[in-house]
Amino acid sequence: MIAKIALLLFAAVALTASEEEPATILQGFRDPSRFALGESVGSVSENGELLRIDTTGRDETWTPVLRTRPGVLKPGSDYVVTFRYRIDSPDMEKKFLHFLCRPFSRPDSSLDTMRRNEGGAGEFRQVKIKFRTGSRADDYSFQIHTFRKLKGEIMDFTLAEGTGEVYLAATPDAKPFTGSLGELPTGAKEFTIDPPRNSGGTVVDAAEFGVSPENPDNIPALNRALEHCRRTGAARLTIAPGVYRMTSDVSLRFREMRDFVFDGGGATFVWLKKRQPNFLVEQCERLVLRNFNMDWEWEKDPLASLVEVAAVTPESVDFKFVEYETFPRRDVRVAIVSSYDPATKSVGIEGGFDRGFEFFAGQNRPETEWLSGNLLRVHAKDLSCFQPGQLFRMQHYYYDMNGFVLSDNRHLTIEDVNIFSCAGHAFVVSGTQQFWEFRRVNIVAPKGIPRRIITCTADHCHIARSRGFFRMEECEFSLGADDCLNAHDCSGYAEKSGTHSVRTRNMRAIETYPPGTPVELRHGDYSPSGFRSTVVSTRTIDNGKGIHEITFRDPVPEPIDDGFILFNWNYDTRNIIVRNCFFHDNRARGILLLGRDITLENNRFRHNEMGAIKIETGYTFNVWSEGYGADNIVVRNNTFDSVNPRDVANDGKARDIYMGVYMKTDPSTERTRYPILSNILFENNRFRNSFGLVAFISSAGNVTFRGNTFENPTPRRDPLPYRAAFFVTSASDVKIVNNRYIASPNVPNPGVFYDPESVENIVAAGNVVIPQK
């Protein structure tokens, strides 16, 4: 067991400490009355110690192998399972074991409280999984499935009730902590965005090029005007007030423009098209885009709709379009539905869920049929999660055309812009973008117009790659279909293939690794390998699978684990300032921070469906690999109100703030002892009506929460024993001090829970419970 806190420290800070010992309920596989084996795919050795798994004779993608029987697990309870496993010819891209907690009677994943994939071990590997059963069913079951065909074995299996955690209670008589907190992070440095330097340039009127509210399509005329401005070095293009239709399947192009202002004059641009981003801004410098609105033609093509479940069968679900007698598009697309809260008029309810049908246009499109003008039948499988009367926001678009695509610009300002709606991300940032800002950029539904149930149909702002120095002030992001701000760079996974080379798996955008690219290799647990070199060449082996060979100038070391994580240091999303902004009522998270030197201050977060802030990094073999870790982050003077209403959890624990990694798969319960997330400070924030933990802290080092206030006046449907507490695992040097709990019967255990096996040097002191005023 890693170092525990000294007893003297416990006494000095007047906290109550208790450690729970899990109670064993299943040891090995000797009692078949307590579990069910999948027919012909699982067998137990004679002594009951070994579970043999063989699904090579099955054609199903997912095959159940073992499920504990109803009654073995209790609803709303904590469990720990430990075991060792091995897989024949391990390859997690093609096959793996899938561990989950799900009601025995449910075939779908809508009520799952834990999922974890394992499959990277040819020799026996030790695994420990903590999870909590839900309270919406009385037959929760620990289950083992396989993804595709494999052979493997599990031994030394133990399932026990409890958490094995230490609890440090906040108390009414806690004395303030006055000890040293060590070196605290400072966050982002202030910086300036250079304005255009063309005061003597000409001012061009867009009307001279045929731009007019009377036109059925203004994109060609506007592009002619922009090209004229670029070619002549004009200082400004002006637009008269009005509503302008935009229907071409091409973008408004701002390319290689210097010292230029696009002044929308309060105009509203309304798009209706099938492809290409609305605005494409590339390789510009000292550019200002200001004073206009962006919208979509809803009357002809709604981006999303409010629907109610009218009927359900095992093979179909009927959705009624609540706000229409006859829906305007008979070729309606059903991309995804998300549980809808009529009180907040947004997605996100306790016990709610998403169901994806078609994320990308044309991808696995479900069969649909109209039963009347506003009643749609969708044919699909695994529909038991739907019940008559449920309300959903149905998206007709998801990852599609996008509003603004910003790439390789420097000193860019976007200000006084309202995005009422768009298909796809509102903003996508990529390339060597550096020094840019949003000022009073609002992604909001227009007032007084009915049926506006969504703004952007994906992220509000997605930073895929950049060179940092981004500031946003006085902005409001709301009602979008994914994260408000997702700031990261893209990493990758590779295995050593030669003395100077590696072979990637699932590597996106190999074109971002041209010769001369500086690359750092990290071990599979994110610890440094000591290798940093430049690319000599790349060779594509299978582009569809993301398999490429990268050759470096210097010899590649031996990996500690199976392979390496690649950090491409041509990019570095850092020095981000988010100040005086409002993020609310969106699907998914408020902000994802996968960078360094970041300050968030004086912002409001409200009703973000899956939580307010995620500080994470991760890599997978089959989807995305994002982030180079996180460092030097300050979050101060913010308010968090009723975030994560959907109870999205990690290790079975719902949370407002999450710090952690995903490794090999996403989601993942794997952690690393290396503090890839480090130097993080939360101070003087106010958390109101947390649904679960205030913060889940893992794979982190030097994390401090101080001077925050927790207020929880509202009961929740599913009371949680850890509500408004902290949980720490696989972390070091965590300080949770001098925080204030306003006494509430809804918070039974204020304070800190931590895993004593994986946590070093934790300080929990001065956390006081004060009476309500």
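**Exercise 1. Determine in which sense strand E38 and strand E41 pair, and over how many bridges.**

Strand E38 covers residues 501-505 and strand E41 covers residues 547-552, strands being DSSP runs of E with at least two residues, numbered from the N terminus. The two strands pair in the antiparallel sense over 3 bridges, where pairing requires that DSSP finds at least two bridges between the strands. One of the bridge partners can be named: Ser501 is matched with Thr551 in E41. In the wider arrangement, E37-E38-E41-E40-E39-E42 make up a closed barrel of 6 strands with antiparallel pairing. Neighbouring strands of this sheet are turned by 45° against each other on average, direction ignored, with axes taken as lines fitted to C-alpha atoms.

The model is a predicted one, in which local features need pLDDT of at least 70 and side-chain atom pairs count only at pLDDT 80 or more, while totals for chains, interfaces and linings use all residues. Residues are numbered from 1 along each chain as its sequence is written, and side-chain values use heavy atoms, with hydrogens and water left out.

**Exercise 2. Classify the aromatic pair of Phe254 and Phe279 as stacked or edge-to-face.**

Rings of Phe, Tyr and Trp (its six-membered ring) pair if their centres lie within 6.5 Å, and planes under 30 degrees apart count as stacked, over 60 as edge-to-face and the rest as tilted. The structure holds 61 aromatic pairs. For Phe254 and Phe279 the values are 6.2 Å centre to centre and 25° between the planes, and the pair is stacked. Phe254 lies in strand E17 and Phe279 in strand E19, so the pair ties together parts that are 25 residues apart in sequence. Phe254 counts as buried at 0% relative accessibility, where buried means under 20% relative accessible area (1.4 Å probe, protein chains only), and Phe279 likewise counts as buried at 0%.

For Tyr493 and Phe621, the ring centres are 4.6 Å apart and the planes lie at 55°, so this pair is tilted.

**Exercise 3. Explain why Cys284 forms no bond with the closest cysteine sulfur.**

A search of the whole structure finds 0 disulfides, a disulfide being a pair of cysteine sulfur atoms within 2.5 Å. The cysteine sulfur closest to that of Cys284 belongs to Cys229 and is 12 Å away, which is too far for a bond. Cys284 is buried, with a relative accessible area of 3%. Cys475 is likewise in no disulfide, the nearest cysteine sulfur, in Cys581, being 4.5 Å away; Cys475 is buried, with a relative accessible area of 2%.

Key. Helix = DSSP H or I, 4+ residues; strand = E, 2+ residues; numbered from the N terminus. Axes fitted to C-alpha atoms, helices over the stretch in contact; angles between N-to-C directions. Buried < 20%, exposed > 50% of the residue type's maximum accessible area, 1.4 Å probe, protein only.
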